[in-house]
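Open the model in your viewer and keep a selection box handy. We'll go stop by stop, picking residues and looking at what is around them.

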Amino acid sequence: MELTGGCVCGGTRYVLKSRPSSPGDCHCIDCRRSAGAPYVTWGAVPREDLVVTKGEPRKIAHANRIRSFAACCGTHLFIEDTTDSEMVDVTIASLDDPTPFAPQRAIWLEDKLPWVAIDESLPSFPKSSQTS
């Protein structure tokens, strides 16, 4: 199984060799600002299942995480805890077909913008679901 994705201009492309797990909406201020959006939907894959096939993402360390952006156009693509983390989170919306990966949780609601409506059927956490 392979899923493909990439940036808005097509200069950076990637392949996922497994389905992203635990898709979730992150409302933290860092995700909002890095994407210029009210929240970002992420899904995790094992590092070895993510292959960049075109371009070289630009990595920026901030707030104890490493964010990867398409160097060509700035599309936010990945986030990881360290350069050797077992898992890498992928922006679900950067997939060529994000349709099957609806969010299953909402995190960092303490930073949520007041005008964003939350799907009440989703498990929700004030911070990360791992630390709340």
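## Charges, then the whole chain

Start by colouring the charged side chains: the protein has 14 positive and 17 negative ones, with the centres of the two sets 5 Å apart. Here Lys and Arg count as positive and Asp and Glu as negative, while His and the chain ends are not counted. The place of each charge is NZ of Lys, CZ of Arg, CG of Asp or CD of Glu.

Before zooming in, two notes on what you're looking at. This is a predicted model, so to speak of local features a pLDDT of at least 70 is needed, side-chain atom pairs count only at pLDDT 80 or more, and totals for chains, interfaces and linings use all residues. Residues are numbered from 1 along each chain as its sequence is written, and side-chain values use heavy atoms, with hydrogens and water left out.

Now switch to cartoon. You should find 1 helix and 10 strands, where helices (H or I, at least four residues) and strands (E, at least two) are DSSP runs numbered from the N terminus. Trace the chain from its start and the pattern reads β-β-β-α-β-β-β-β-β-β-β. The radius of gyration is 14 Å, close to the 14 Å that the globule rule gives for 132 residues, so the protein is as compact as a globular protein of that length. That radius is taken over C-alpha atoms, and the rule is 2.2 Å times the number of residues to the power 0.38. Along its principal axes, the C-alpha trace spans about 40 × 30 × 25 Å.

Put a surface on. About 7,300 Å² is exposed, and carbon and sulfur atoms supply 52% of it; the areas come from the Shrake-Rupley method with a 1.4 Å probe, and for residues only the protein chains shown count as cover. Buried residues make up 41% of the 132 (buried is under 20% relative accessible area, exposed over 50%, partly exposed in between, with a 1.4 Å probe and protein chains only). Among contacts (heavy atoms within 4.5 Å) between residues at least 6 apart in sequence, 56% join residues at least 24 apart.

## Stop one: Ser68

Select Ser68 in strand 7, residues 65–69. Is Ser68 buried or exposed? With a relative accessible area of 1%, Ser68 is buried. Leaving aside neighbours within four places in sequence, its contacts are Pro57, Arg58, Lys59, Thr75, His76, Leu77, Phe78 and Glu80. Keep Lys59 and Glu80 highlighted for the next stop.

## Stop two: the salt bridges

How many salt bridges does the structure hold? There are 4, each a side-chain nitrogen of Lys or Arg within 4 Å of a carboxyl oxygen of Asp or Glu.

- **Lys59 and Glu80.** The closest N and O atoms are 3.0 Å apart. Lys59 sits in strand 6 (residues 58–62) and Glu80 in strand 8 (residues 76–80), so the pair ties together parts that are 21 residues apart in sequence. Glu80 is buried at 3% relative accessible area, whereas Lys59 is partly exposed at 46%. Add Arg47 to the selection: Arg47, Lys59 and Glu80 are linked in a network of salt bridges.
- **Asp81 and Arg65.** These side chains meet at 2.7 Å, N to O. Asp81 is in the loop between strand 8 and strand 9, Arg65 is in strand 7, and they are 16 residues apart. Asp81 is partly exposed at 46%, and Arg65 is partly exposed at 30%.
- **Asp96 and Arg13.** Here the N to O distance is 2.6 Å. The pair links distant parts of the chain, 83 residues apart: Asp96 in the loop between strand 9 (87–91) and strand 10 (106–107), Arg13 in strand 2 (residues 13–16). Asp96 is partly exposed at 46%, and Arg13 is partly exposed at 24%.

## Stop three: positive phi

Pick Ser22 in strand 3, residues 21–26. Its phi is near 50°, a positive value in a residue other than glycine, and Ser22 is partly exposed at 39%. Then jump to Asn64, in the loop between strand 6 and strand 7. Asn64 is not a glycine either, yet has a positive phi of about 60°; at 75% relative accessibility, Asn64 counts as exposed.

## Last stop: Lys17

Finish on Lys17, in the loop between strand 2 and strand 3. Which residues does Lys17 touch, not counting those up to four places away in sequence? They are Met1, Glu2, Asp49 and Val51. Lys17 is partly exposed at 45% relative accessibility. For a distance label, take the C-alpha atoms of Lys17 and Val40: the two residues are 23 apart along the chain, and those atoms are separated by 22 Å.
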